[in-house]
Amino acid sequence: MSGPVNPADATTETADARHPSPPLVELSDSRSEQVGRIQVRRALPRKGRRTVGAWCFADHMGPADVTENSGLDIGPHPHIGLQTVTWLIDGQVLHRDSLGSEQVIKPGQLNLMTAGNGVSHAEERTGHYRGRLEGIQLWVALPDATRHGPAAFEHHAELPRADLDGAVATVLVGQLGDLVSPARHDTPLIGVDLDLRRATTVPLRVDFEHALVILEGEAAVNGTPIAPGQLAYLGLGRHGLRLDVRQPTRAVLIGGEPFPDPILMWWNFVARSRREIDDAYTAWAGRDERFGSVHSTLSPIPAPVPFWQQPG
Ligand code: MN
């Protein structure tokens, strides 16, 4: 869930934000990737689909078997310009960061770290949990107003839940009907976990664009089946989303106001220009105080040299 982003995920050129579209179902395949010790399926970014609202990254990790001594095991690494949103459906992970946070996360809880101008963290085994691990890590691109600001960390042990008659919806970020998540968001955003038992309609904001990631099972939208390992981009302009399911299905719905700025993603950095990425790379390589330090038994992860700095 360190989520190094490279050119296989998306072009690193800044480009015009792709014009959001009216309601549709556009499927793209995830890319398999090893992160730490665990296999992940990267649903976002994909080529041609950089953001959904301000959501700019989605790694479905696991399911995997972990032990007291071997787990996610992602050593200290830096972030800029984004928030990490971590949500587990099975298992436990220990989060440590340069703000001094030390927090075990369990299913039903949310860890949200705001990088601002710079933060570093590690995602580790807990030292006591043994069993299955499965979850999703999402990133949110920060707007100009806060992307150079201070870092912060939140843990939410409880989140609002709604019974949608056919599904239980947990509001990770934003608002669903009357339910409001306590999690910070700096742009209009929605993130919902859906535990689906039968056909359900999820109320949506018509001015948001949305996408669906299936973790387990299968759901259909307008007759188009969506399986694990796919991102279904759903466009804008929906008042509700009808999901047809024939088996127990777990999914995450993300959405928001289309993000106005073209973003540049490289490794663990979200920026607007190569200059900003270069500066972050140099600061991490030089162990600059910009990223602080993390109390961790794992070794810090070196940043890859941005490809535009490489000779040839
Ligand atoms: Mn990370």
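Helix α2 covers residues 274-285, 12 residues in total, and spans 16 Å from its first C-alpha to its last, close to the 16 Å expected at 1.5 Å a residue. The model is a predicted one, and the helix is a convenient place to start reading it.

Six side chains can be picked out next. The buried residues of α2 are I277, D278, A280, Y281, A283 and W284. These buried residues pack against four strands: β5 (74-79), β10 (119-124), β25 (264-266) and β26 (269-271). Just after the helix, R287 adopts a positive phi of about 50°.

Two of the strands packed against by the buried residues of α2, β5 and β10, also lead to the metal site. A manganese ion is coordinated there by the NE2 atoms of H77, H79 and H121, at 2.1 to 2.2 Å. Along the chain, the donors of the manganese ion follow the spacing H-x1-H-x41-H. The pair H77 and H121 links distant parts of the chain, with H77 in strand β5 and H121 in strand β10, 44 residues apart. H77 and H121 are both buried, that is, under 20% relative accessible area.

The last stop is a pocket. The second largest pocket has a volume of about 250 Å³. Its lining is made up of 14 residues, and P76, W284, R287, G292 and P300 lie nearest its centre. By type, the lining of this pocket divides into 9 nonpolar, 3 polar and 2 charged residues. Two of the residues nearest the pocket centre, W284 and R287, have appeared above: W284 is among the buried residues of α2, and R287 is the residue with positive phi just after α2.

Key: Residues numbered from 1 in each chain as written. Predicted model: local features only at pLDDT ≥ 70, side-chain atom pairs only at ≥ 80, totals over all residues. Heavy atoms only, no water. 1 Å grid on protein atoms, 1.4 Å probe; cavity = no way out; pocket = protein on both sides within 12 Å on 5 of 7 lines; lining within 4 Å. Points joined across faces, edges and corners; volume = space filled by probe spheres on them. Nonpolar A, V, L, I, M, F, W, Y, C, P; charged D, E, K, R; others polar. Expected span 1.5 Å × (residues − 1). Buried < 20%, exposed > 50% of the residue type's maximum accessible area, 1.4 Å probe, protein only. Contact = heavy atoms within 4.5 Å. Donors = N, O, S within 2.8 Å, 3.2 Å for Na, K, Ca; no water.
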